[in-house]
Amino acid sequence: MESDSYKKCPVQRTLEAVGGKWKLLIIASIKSEEVVRFSVLNHLVTGISQKVLAAQLKELEADGFVLRTAYPEVPPRVEYSLTDLGKSLYPVLDSIADWAEANYPDKPPS
């Protein structure tokens, strides 16, 4: 039997994977840095708590968008980068940014 997720429209499936308040912002922040540590990412994504950031990163990693690399050092070092799937969102992010500039050029972010 076919899974219910395949019956949904492509936009709905995409929003389930990367929707919500933080995931696209996290992906965009990693895109701008290429490789980023957790503390830097927490600073780049303004307003997110460490707990929520950690949970969102785990979901993005589980869904194949983000690669987590842990180094066996003291203190521990963990870096995040985008997988090829995550990088495939670059044109989408660029289109969203272009649309926002065209439609909300003077409106400050909320």
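In what sense, and over how many bridges, do E1 and E3 pair? In this predicted model, the pairing of E1 with E3 is antiparallel and runs over three bridges. Within E3, serine 81 is the residue that stands opposite valine 35. Strands of a sheet pair through backbone hydrogen bonds, in either a parallel or an antiparallel way.

The sheet as a whole is open and has three strands, in the order E1-E3-E2, with antiparallel pairing. Strand E1 (35-37) and strand E2 (66-71) are the edge strands, each of them pairing on one side only. On average, neighbouring strands of the sheet are turned by 30 degrees against each other, direction ignored.

The protein chain contains six helices in addition to its three strands. Along the sequence, these elements follow the pattern α-α-β-α-α-β-β-α-α. The C-alpha atoms occupy a box of roughly 50 × 45 × 25 Å along the principal axes. Of the contacts between residues at least 6 apart in sequence, 45% join residues at least 24 apart.

Buried residues account for 26% of the 110 residues in the chain. The largest nonpolar core has 20 residues, of which Ile26, Ile30, Leu41, Leu57 and Val66 touch the most other members. Two or more residues of this core come from each of helix H1 (10-18), helix H2 (23-33), helix H4 (50-62) and strand E3 (77-82). When residues up to four places away in sequence are not counted, isoleucine 26 touches Leu41, Val45, Ile48, Leu53, Gln56, Leu57 and Leu60. At the surface, the chain exposes about 7800 Å², and carbon and sulfur atoms supply 57% of this area.

How values were computed: Residues numbered from 1 in each chain as written. Predicted model: local features only at pLDDT ≥ 70, side-chain atom pairs only at ≥ 80, totals over all residues. Heavy atoms only, no water. Core = buried A, V, L, I, M, F, W, Y, C linked by side-chain atoms within 4.5 Å. Buried < 20%, exposed > 50% of the residue type's maximum accessible area, 1.4 Å probe, protein only. Helix = DSSP H or I, 4+ residues; strand = E, 2+ residues; numbered from the N terminus. Contact = heavy atoms within 4.5 Å. Pairing = 2+ DSSP bridges. Axes fitted to C-alpha atoms, helices over the stretch in contact; angles between N-to-C directions. Areas by Shrake-Rupley, 256 points an atom, 1.4 Å probe, with all protein chains shown as cover.
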